[in-house]
Amino acid sequence: RADIKMPYKQLWVWDLKLSDAGVYTCEYGSHKVRTSLHIFNLTISLDGHFLQNEVPQLILMQNSSGPLPDLSITLFDSNSNRVTPELQSKSRQKYIVNLRKLEAMDSGTWVCQVHSDSPLINQNISFAVNVLGFQNADLERKYATVDSTVILSWHLNSEKIKWKEGFTGQLNWKQQESANAHELLDFNFTAQGQLHETKRSSSFLFEIPERKPESTIEVKLPKVHFNHSGQYQCQLEYQGRHAESTIELVVMKVSANPAGPLSRGANMTLTCQVSGQLPPNAYLRWERVNGTKRDMKNSKQREVKLEVNISAAGLWSCHLIEGNDRKHSLHYHVEEAPVLTYYVIIGASVGGSLLVFGLGCLCIISGISWQRRRQRAKRMAQARQHLLENKTCQCEQ
């Protein structure tokens with residue numbers, strides 16, 4: 001592992017080891033020149049290949065012919081930002097430090113800066129960090145309306161960092177945190193970076209888009225139902241370790257009771273509802289387009305259902321507001337019942353009342369007439385009986 005380079009009398013040593021540290025002497029006649037070789041060895045856990053949210057461990061070792069100096073260590077990430085490590089253990093020969101949790105954007109070349117005042121040492125040691133993970137946020141929330149089309153996407157950075165090792169993953173869905181998970185699809189990447197997906201659920205209505213960028217996992221819900229809401233979690237697996245990214249789908253719908261046109265003087269209840277819990281800074285709002293402030297109503301914090309009683313027709317909108325941003329809006333057009341229909345309804349009501357009244361009167365008149373005929377028939381029968389009795393008496397005389 002060593003060679004002398006002529007004509008400058010240079011000693012070349014490669015593939016250095018800690019045991020190579022020491023004092024090297026060059027003798028030329030009666031002249032002697034000594035130089036001290038100080039060696040550092042920096043190793044990173046898992047050979048520098050991590051999943052997001054994992055914590056790397058660095059081990060820095062040194063060896064020298066003289067007393068080992070007390071070192072100070074400074075780290076810089078791939079974006080040249082200073083990172084403060086957590087010192088786990090320290091001796092003059094061995095330093096063990098833990099870094100922070102890694103994100104997908106942390107992939108790249110890091111620098112470990114080693115410093116000592118006595119002897120004077122300023123050494124920069126570079127090392128590679130490869131982080132396989134999602135470019136999505138840790139928890140992404142997506143809003144949709146009933147019967148709309150939604151595409152859920154997870155963007156991996158495997159192509160960006162040229163990840164050559166194969167890994168697998170799967171996409172699961174569950175409606176609530178404590179509910180059972182349903183596997184929708186699984187996937188794997190080859191060493192050449194090719195993505196292969198397999199649909200696992202036949203009962204759940206979704207599609208796998210064909211045209212998409214490399215390293216992107218997508219599912220398409222062509223017609224969202226209210227019960228399609230919940231958490232969609234994409235999970236990576238590499239060498240027995242896991243990394244996850246979750247998209248929470250919140251579905252929104254509106255309805256009216258009664259659902260028909262609004263008659264003059266009548267009331268209607270509009271209901272706006274979301275399928276899951278909202279963040280603390282989100283709320284629902286009903287308002288009438290081109291209306292006044294009296295036509296506006298906000299939900300309370302964490303309220304997932306908002307009702308408003310209206311008496312005015314027009315276009316009503318329900319907004320889902322998060323912070324100062326309108327994340328989604330859903331409209332409901334309340335039609336006003338035509339005037340002709342209004343009078344027809346009134347006429348029908350009055351006519352029906354008169355008909356009932358007329359039938360009642362007819363029944364009363366018929367009852368009185370029937371009673372009179374019965375009394376007349378009774379009197380005529382009594383008269384006939386009286387005549388018969390008189391004739392009988394005359395015959396006996």
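This is a short talk on one sheet, a charged patch and two arginines in the structure above.

Okay, quick reminder before we start: what you're looking at is a predicted model.

Let's begin with the sheet. Five strands make it up, and it's an open one, running in the order 6-13-12-8-9. The pairing there is mixed. If you want to find the edges, go to strand 6, at 49–51, and strand 9, at 82–83; each of those pairs on one side only. And as a general reminder, strands in a sheet pair through backbone hydrogen bonds, and that can be parallel or antiparallel.

Now zoom in on strands 12 and 13. Strand 12 covers residues 108–116, strand 13 covers residues 121–132, and the two run antiparallel with nine bridges joining them. So who stands opposite Trp110 in strand 13? That's Phe127.

Next, the arginines. There's a positive patch on the surface, formed by Arg372, Arg373, Arg376 and Arg379. Let me pick out Arg373, which sits in helix 1, residues 339–396. Is Arg373 buried, partly exposed or exposed? Its relative accessibility is 48%, and exposed would take over 50%, so Arg373 counts as partly exposed.

Compare that with Arg285, over in strand 23, residues 282–288. Arg285 has a relative accessible area of 16%. The cut-off for buried is under 20%, so Arg285 is buried.

One last thing about Arg285: how far is it from Cys318? In sequence they're 33 residues apart, but in space the C-alpha to C-alpha distance is 5.4 Å.

That's me done, thanks.

Terms used
Residues numbered from 1 in each chain as written. Predicted model: local features only at pLDDT ≥ 70, side-chain atom pairs only at ≥ 80, totals over all residues. Heavy atoms only, no water. Pairing = 2+ DSSP bridges. Helix = DSSP H or I, 4+ residues; strand = E, 2+ residues; numbered from the N terminus. Patch = residues over 30% accessible without salt bridge, like charges linked within 9 Å, V, L, I, M, F, W, Y side chains within 5 Å. Areas by Shrake-Rupley, 256 points an atom, 1.4 Å probe, with all protein chains shown as cover. Salt bridge = Lys/Arg side-chain N within 4 Å of Asp/Glu carboxyl O. Lys, Arg positive; Asp, Glu negative; His and termini not counted. Charge placed at Lys NZ, Arg CZ, Asp CG, Glu CD. Buried < 20%, exposed > 50% of the residue type's maximum accessible area, 1.4 Å probe, protein only.
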